[in-house]
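Thanks for making the time this morning. I would like to take you through one structure, going from the whole chain down to single residues, and I will try to be careful about what can be said of each part.

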Amino acid sequence: MNHAEAAAEFTRDYDRTTWHDKSLWFIREKRDKAVFQLAEWEVLRETASRIKNNVLSNLDDYLTQFEAAATRNGVTVHWAADAAEHNRIVLQILRDNGVSQMVKSKSMLTEECHLNDFLAENGVEVIDTDLGERVVQLAQEPPSHIVMPCIHKKKEEIGELFHQHLGTEKGASDPQYLTEAARQHLREKFLTRRAALTGVNFAIAETGGFVVCTNEGNADMGAHLADVHIASMGIEKVIPKAEHLGVFLRLLARSATGQPITTYSSHFQRSRQGQTMHVVIVDNGRTTQLGRPDFRNSLKCIRCGACMNTCPVYRRSGGHSYHSAVAGPIGAILAPNLDMHKNADLPFASTLCGSCSNVCPVKIDIHDQLYKWRQVLAEGGHVGGVKKQGMRLMASVLSNPTLFKLSGKTGRGLMRLAPFAVSNPLNPWYREREMPEPPKESFREWYARQTAATPSSEKTPRYSSSERPE
């Protein structure tokens, strides 16, 4: 099912679509209020963008520096070329330690790698400990948002899930009651699991440490109680120095949820006595993206979700319509890099309004990249035949003034004299929109008529450069 089909299914539930839209816009408004309180906001964005530019231009050096520093700290560093290798490494670490049950905090990289399914197939039970992630795990669904994984679910639906799986009261939907039930359910998992996996928000090349940001403290609970701590990290997560964290931490939470900072910004540098710590550094197509000049900026992403919260398409179509681990505008420029054929529809799921680029805390040119991906996909033959022929026809019309005028006049005439010719299910625009009232004349015709009717004495005089008055 492509994006358009999945979006149509989501929007059939008008009430859900409406509150999904309003909920995300509420987060966008919180972001704006938090941003406007900082006079130096644009300076922070520019600084973060430049730091990331430096990282991407010297990525190999910073990664090897991080590896050396982490190794000195007693951390075991692994390298994974792709998702399959990442999953095999994690499984081997667990087997080496005799672990068959693991707790995991939020990690979009492991979603990208489909780690949960892989471990389950190999006899390892994984419990997601982020509340939203646990909800979608119980529902056997992927997260629909990188910050708010179950934003598409109503509290009544969550109550039913908890009744089925956690034994809560039938029909209970009070958020405080459900949260307490989840807390009691997960506390036992934290206390009994010997291995914990976290993501990595920022890895510091200078120190070999890394930072994990959460609002629930679940990453800390898992990592501090477990005998084995595994951190999964994309190669783009490295930053040069610890002092740069001050820039990114001020940007991340404000962009994501409108908070000044995440409730927990936890720093991990070395394991405690008796514990082992592993960092798995993953490529999985990132160097390919780095080698694409038009798209390398997408690797600046700090996974705040601001572009999703502001996107009019994402807000109305839901995250699952993007059939990718990372949804929304940023996902639409990351996914084609992994599989152009499978994800060719995603760059077209955009109005190109530019709101995503405006809110991006690291100044990724998201809407420009969406437009460029459309060109790459069309040239590579990844666009459907109907769309391809339609674009060719439009190119012919728009590049020929005579044909453009004729087609405009013909279209206006059809809409006025034979409206059924365009107001029918065969017209994709009609299926989704009310067709406009056809104008009596085009702007060109109106302008020509107005110009002809204006007396010559009232027309703006034209002068040659030698005659122009001072």
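What follows is a walk through the overall fold, the cores, two helix packings, the cysteines and a few individual residues.

Please keep in mind from the start that this is a predicted model, and that the values I quote are computed from its atoms. The protein chain has 22 helices and 10 strands, and along its principal axes the C-alpha trace spans about 90 × 60 × 45 Å. Of the 470 residues, 49% count as buried. If we take the contacts in the chain with a separation of 6 or more, residues 24 or more positions apart account for 73% of them.

Let me turn to the interior. The largest nonpolar core has 56 residues, and those with the most contacts inside it are Phe-202 and Ile-330. Which helix gives the most to this core? That is helix 12, residues 245-257, which supplies seven residues. Phe-202 itself, if we leave aside its neighbours within four places in sequence, is in contact with a list of residues that includes Leu-245, Phe-248, Leu-249 and Leu-252, and also Gly-209, Phe-210, Val-211, Cys-213, Lys-237, Ile-239 and Ile-302. There is also a second, separate core of 23 residues, and among its members are Phe-66, Ala-203, Ala-219 and Val-279.

Next, the helix packings. Two packed helices are described by the angle between their axes and the distance between the axes. Helix 12, which we have just met in the core, is also packed against helix 3, residues 41-57: the two axes come within 10 Å and cross at roughly 115°, and the crossing is left-handed. On the helix 3 side the contact is made by Trp-41, Leu-44, Arg-45, Thr-47, Ala-48, Ile-51 and Lys-52, while helix 12 brings Val-247, Phe-248, Arg-250, Leu-251, Arg-254 and Ser-255. Sorted by character, the residues of this contact are seven nonpolar, two polar and four charged. Phe-248, you will notice, is in this contact and is also a contact of Phe-202.

The other pair is helix 9, residues 155-166, with helix 10, residues 175-192, where the packing angle is about 35° and the axes are 11 Å apart. This crossing, too, is left-handed. Here Lys-155, Ile-158, Gly-159, Phe-162 and Leu-166 in helix 9 meet Pro-175, Leu-178, Ala-181, Ala-182 and His-185 in helix 10, and the residues divide into seven nonpolar, two polar and one charged. Leu-178 is worth a moment within that contact: its relative accessibility is 5%, so it counts as buried. Leaving out residues up to four places away in sequence, Leu-178 touches Lys-155, Ile-158, Gly-159 and Phe-162, together with Ala-172 and Ser-173. Its C-alpha is 7.8 Å from that of Thr-168, with the two positions 10 residues apart in sequence numbering.

How many disulfides are there? The count comes to zero. Cys-301 is in no disulfide, since its nearest cysteine sulfur, that of Cys-304, is 6.5 Å away, and a disulfide would need the sulfur atoms within 2.5 Å. In the case of Cys-356, which is likewise in no disulfide, the nearest cysteine sulfur belongs to Cys-353 and is 6.1 Å away. Are these two cysteines buried or exposed? Cys-301 counts as buried because its relative accessibility is 7%, and Cys-356 counts as buried at 6%.

Finally, some backbone details. Most residues other than glycine have a negative phi, and most peptide bonds are trans. Against that background, Asn-284 has a positive phi, near 50°; this residue is found in the loop between strand 10, residues 276-282, and helix 13, and it counts as buried because its relative accessibility is 13%. Leu-352 has a positive phi of about 60°, although it is not a glycine, and it lies in the loop between helix 16 and helix 17. With a relative accessible area of 27%, Leu-352 is partly exposed.

Helix 13, at the end of the loop that holds Asn-284, includes Leu-290. Leu-290 touches Leu-56, Leu-59, Arg-296 and Leu-299, not counting residues up to four places away in sequence. From Leu-290 to Ala-181 the distance is 44 Å, C-alpha to C-alpha, and the two are 109 residues apart in sequence.

Note on methods
Residues are numbered from 1 along each chain as its sequence is written. This is a predicted model: local features need pLDDT of at least 70, side-chain atom pairs count only at pLDDT 80 or more; totals for chains, interfaces and linings use all residues. Side-chain values use heavy atoms; hydrogens and water are left out. A nonpolar core is a set of buried Ala, Val, Leu, Ile, Met, Phe, Trp, Tyr and Cys residues joined through side-chain atoms within 4.5 Å. Buried means under 20% relative accessible area, exposed over 50%, partly exposed in between (1.4 Å probe, protein chains only). Helices (H or I, at least four residues) and strands (E, at least two) are DSSP runs, numbered from the N terminus. Contact means heavy atoms within 4.5 Å. Axes are lines fitted to C-alpha atoms, for helices over the stretch in contact, and angles run from 0 to 180 degrees between N-to-C directions. A crossing is left-handed if the near helix is turned anticlockwise from the far one by less than a right angle, and right-handed if clockwise. Ala, Val, Leu, Ile, Met, Phe, Trp, Tyr, Cys and Pro count as nonpolar, Asp, Glu, Lys and Arg as charged, and the others, Gly among them, as polar.
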